[in-house]
Amino acid sequence: MRLKGRSGISRALYVTALGKRVVIVRAFVKKTQKTPRREINLALSRAKSIR
């Protein structure tokens, strides 16, 4: 998801869980065009704990 706020453009990484449930696993303010690998790894580790 792409969100706009006072501190700039933010991104939210999410996963779909059982049924129609959507869980946001990480939200952060983007400072560069490329998503930092650290943010992706953190979101993946949190997603694994949800399933």
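Which side chain makes a polar contact with the side chain of Arg-26? In this predicted model, the partner is the side chain of Glu-39, at a distance of 2.5 Å.

## Arg-26 and its surroundings

Arg-26 has its place in strand β3, which covers residues 22–29. When neighbours within four places in sequence are left aside, Arg-26 is in contact with Arg-11, Ala-12 and Leu-13, and also with Glu-39, Leu-42, Ala-43 and Arg-46.

## Salt bridges

The whole structure contains 2 salt bridges. In one of them Arg-26 is paired with Glu-39, and the closest N and O atoms are 2.5 Å apart. This pair links distant parts of the chain, since Arg-26 belongs to strand β3 while Glu-39 belongs to helix α1 (residues 37–50), with their positions 13 residues apart in the numbering.

Glu-39 also meets the side chain of Arg-38 in a salt bridge, with an N to O distance of 4.0 Å. Glu-39 counts as buried because its relative accessible area is 9%, under the 20% limit, whereas Arg-38 counts as exposed because its relative accessibility is 64%, over the 50% limit. Through shared partners, the salt bridges join Arg-26, Arg-38 and Glu-39 into one network.

## A nonpolar patch on the surface

Strand β3 also holds Ile-24, and this residue takes part in a nonpolar surface patch together with Met-1, Leu-3, Tyr-14 and Val-22. The area of the patch is about 480 Å².

Notes:
Residues are numbered from 1 along each chain as its sequence is written. This is a predicted model: local features need pLDDT of at least 70, side-chain atom pairs count only at pLDDT 80 or more; totals for chains, interfaces and linings use all residues. Side-chain values use heavy atoms; hydrogens and water are left out. Helices (H or I, at least four residues) and strands (E, at least two) are DSSP runs, numbered from the N terminus. A polar contact is a pair of N or O atoms within 3.5 Å; within protein, one must be able to donate a hydrogen and the other to accept it, and residues adjacent in sequence count only if both atoms are side-chain atoms. Contact means heavy atoms within 4.5 Å. Patches are made of residues with over 30% relative accessible area and no salt bridge: like charges are joined within 9 Å, nonpolar side chains (Val, Leu, Ile, Met, Phe, Trp, Tyr) within 5 Å. Accessible areas come from the Shrake-Rupley method with a 1.4 Å probe; for residues, only the protein chains shown count as cover. Buried means under 20% relative accessible area, exposed over 50%, partly exposed in between (1.4 Å probe, protein chains only).
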